[in-house]
Amino acid sequence: MTQSELFKTTQLGPYTLKNRIVLPPLTRSRSSQPGNIANDLMATYYRQRSGAGFMVTEGTQIEPRGQGYAWTPGIHSPEQIQGWRKVTDAVHAEGG
Ligand SMILES: Cc1cc2nc3c(=O)[nH]c(=O)nc-3n(C[C@H](O)[C@H](O)[C@H](O)COP(=O)(O)O)c2cc1C
């Protein structure tokens, strides 16, 4: 199984991906309220999936009017940015 094409490295622009598995964007609506802030639960969710060669997060609104669903995590307030930092740090710590 590990000899499968799926587990071979590949190049995506400037990035060398460790395998060809991609996490697609999946709306989870798990942000902390009030404030739609990315949180520890989300950091765990993405850390658990960091074996993928390429990860796309759920949609994140860049301003309040951009929110399409309840509890989606934004990335326009300082608290939200700090919350996303927890997520990216968790993924990077696992080599994602
Ligand atoms: C911002 C965003 C959020 C998404 N959220 C979900 C979701 O919650 N559940 C889901 O099944 N697909 C969601 N999708 C679609 C998936 O990412 C994926 O494209 C879809 O499941 C089709 O996969 P396929 O091309 O392998 O069939 C979302 C797509 C985007 C762009």
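This short presentation concerns the ligand shell and two helices of a predicted model. Local features require pLDDT of at least 70 and side-chain atom pairs pLDDT 80 or more, while totals for chains, interfaces and linings use all residues. Residues are numbered from 1 along each chain as its sequence is written.

I begin with the ligand. Around the ligand lie Pro24, Pro25, Leu26, Thr27, Glu58 and Gly59, where a residue counts as near if its C-beta atom, placed from the backbone, lies within 6 Å.

I turn next to helix α1, residues 40–48; helices are DSSP runs of H or I with at least four residues, strands are runs of E with at least two, and both are numbered from the N terminus. Met42, Ala43 and Tyr46 of α1 are buried, that is, 20 or more other C-beta atoms lie within 10 Å of their own, whereas 12 or fewer makes a residue exposed. These three cover an arc of only 100 degrees around the axis, which places them on the same side of α1; the arc is that of the directions from the helix axis to the C-beta atoms. The face turned away from that side carries the exposed Asp40, Leu41 and Gln48.

What do the buried residues of α1 pack against? Their partners are β4 (54–55) and α2 (78–93), with contact meaning C-beta atoms within 7 Å.

Finally, α2. Gln80, Gly83 and Val87 are buried there. They cover an arc of only 65 degrees around the axis, so they lie on the same side of α2. The buried residues of α2 pack against α1. Exposed residues on the other side include Arg85 and Asp89. After α2 comes Gly95, with a positive phi near 85 degrees.

Definitions and conventions: Contact = placed C-beta atoms within 7 Å.
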